[in-house]
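Here are my notes on this one, jotted down as I went through the model. Have a look at the structure first, then read on.

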Amino acid sequence: MINYPHSELLKSLPKQFFASLTAKVGKKLEQGYDVINLGQGNPDLPTPEHIVKSLQSAAENPQNHKYSPFQGFPYLKRAAADFYKREYDVELNPETEVAILFGGKAGLVEIPQCLLNPGDSILVPDPGYPDYWSGVALAKAKMVTMPLREENNFLPLYSELTADQLNSAKLMFLNYPNNPTGAVANMDFFQETVEVSRNHGICIVHDFAYGGIGFDSKKPVSFLQAEGAKEVGIEIYTLSKTFNMAGWRVGFAAGNASVIAALNLLQDHLYVSLFGAVQEAAAAALSGPQECVHELNSIYESRRNTFISGLQEIGWEVKAPKGSFFAWLRVPERFTSEEFADCLLDKAHIAVAPGIGFGDFGEGYVRVGLLTSEERLKEAVDRIKKLNLF
Ligand SMILES: Cc1ncc(COP(=O)(O)O)c(C=O)c1O
């Protein structure tokens, strides 16, 4: 076999930090241990039945066996616009203000390539979802990190950024409910973000992946609800979490028409569009009964309550997340986040994600995915208790 060298672009991609965690967990499983894997972000429950049924019947329609139209079916864009109107009272023009995506990740990685030239800078939260870094690398852009600190409820402090950082940034990524911290944003913060964007000409990309998951009767707010938001940026919505459709690869971007046009243009060159049956099922999810979303939310909230109160009872001082399906837990000071994650895996056979994998400001924390049953979460608490760490 000829071993073809990879391009410089490919070599510039960030290392997959969590690949080593996956390998460590795999080894424990091979050794026969009963690992409670809370290290990943893969929803554990199935897609609601009415959505699966919609896919089944749509798959039988020969019209869907052809190429779908470029940029997706108009009915799906209409369903996305109606969803935003119904859920957030946000008006969107389905033709110009909605772009269909192969999942949120695709859009997030495409955006920097759509708007940035090599060397342009982009503001990224730290800690943050590592896939933002991939898009930055593919666009040969420069990443400027915005620290998310617990004392500021894991929101960036714009006053902390220098005038030069603000004036040279072309793009900013935000994500609330937040992965990995579980923090939520309020409307004042989004309104301030619109002002920052206007003052410095920064396109805002709000990743609303966990928009469907908010606790304590507080529905997460959409960035597009802020006045003027649609003029300055976009929001990326995925069906992966709200409807347990992570494997289906479907989402959409909504907002600023010039950014939507740029995404559509890039995608015209990369793909045709999603399988028509997936588009029909996605429209069924957005337009159909939403009880499944409320039920899912209650399940995550109940898991959160069980897990967090269990940890508090054994003396670990942890705070409950306000949204997303992650808990962000401060590790005892004598450990780094990686040492603590290794300790839990080696001694209690519990996998968690070390905070350092999400950026320098993730150090001192581990991320726990509430993606298993309450019984298993209770079992995790019992196993941690036996370690006598607190
Ligand atoms: C913060 C965040 N954004 C985006 C995504 C991407 O989701 P998908 O590509 O499944 O739409 C994820 C998935 O884990 C995420 O955690």
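1. Bear in mind that this is a predicted model. I'd start with helix H5, residues 104–115, which lies across E2, E3, strand E5 (169–175), strand E6 (203–207) and strand E7 (233–238). Against E5, the helix runs at about 165 degrees. Helix H8 (residues 187–200) also packs on the sheet, where it touches E5 and E6. The direction of H8 makes about 170 degrees with that of E5.

2. Now the sheet itself. In what order do the seven strands of the open sheet come? Reading across, you get E2-E8-E7-E6-E5-E3-E4, and the pairing is mixed. The edges are taken by strand E2 (98–101) and strand E4 (142–147); each has a single partner strand, so one side of each is left without a neighbour in the sheet. From one strand to the next, the twist averages 20 degrees.

3. A closer look at one edge. As a reminder, strands of a sheet pair through backbone hydrogen bonds, either parallel or antiparallel. Strand E3 (residues 121–126) pairs with E4 in the parallel sense, over six bridges. Aspartate 126 stands opposite proline 147 in E4.

4. On the annotation side, the unreviewed UniProt entry carries "domain: Aminotransferase class I/classII large" over residues 34–384. In the model, that span is 42% helix and 16% strand, and its end C-alpha atoms lie 14 Å apart.

5. The domain assignment cuts the chain another way: domain 1 is 8–47 + 291–387, and domain 2 is 63–288. Their C-alpha centres lie 25 Å apart. Each side brings residues to the contact, 35 from domain 1 and 35 from domain 2.

6. How much area do domain 1 and domain 2 bury between them? It comes to about 3,100 Å², with 60% of it on carbon and sulfur atoms. Within domain 1, Lys322, Phe358 and Phe361 lose the most area to domain 2; together they account for 20% of what that side buries.

7. Last, the charged contacts. The count between domain 1 and domain 2 is three salt bridges. If you want a salt bridge to pull up in your viewer, the side chains of arginine 330 and glutamate 150 meet in one at 3.5 Å, N to O.

Methods
Residues are numbered from 1 along each chain as its sequence is written. This is a predicted model: local features need pLDDT of at least 70, side-chain atom pairs count only at pLDDT 80 or more; totals for chains, interfaces and linings use all residues. Side-chain values use heavy atoms; hydrogens and water are left out. UniProt positions are given in the numbering used here, feature names are shortened, and annotations may be inferred rather than shown by experiment. Helices (H or I, at least four residues) and strands (E, at least two) are DSSP runs, numbered from the N terminus. Two strands pair if DSSP finds at least two bridges between them. Axes are lines fitted to C-alpha atoms, for helices over the stretch in contact, and angles run from 0 to 180 degrees between N-to-C directions. Contact means heavy atoms within 4.5 Å. Domain bounds come from an automatic or database domain assignment. Buried area is the accessible area (1.4 Å probe) that two parts lose on being put together, summed over both. A salt bridge is a side-chain nitrogen of Lys or Arg within 4 Å of a carboxyl oxygen of Asp or Glu.
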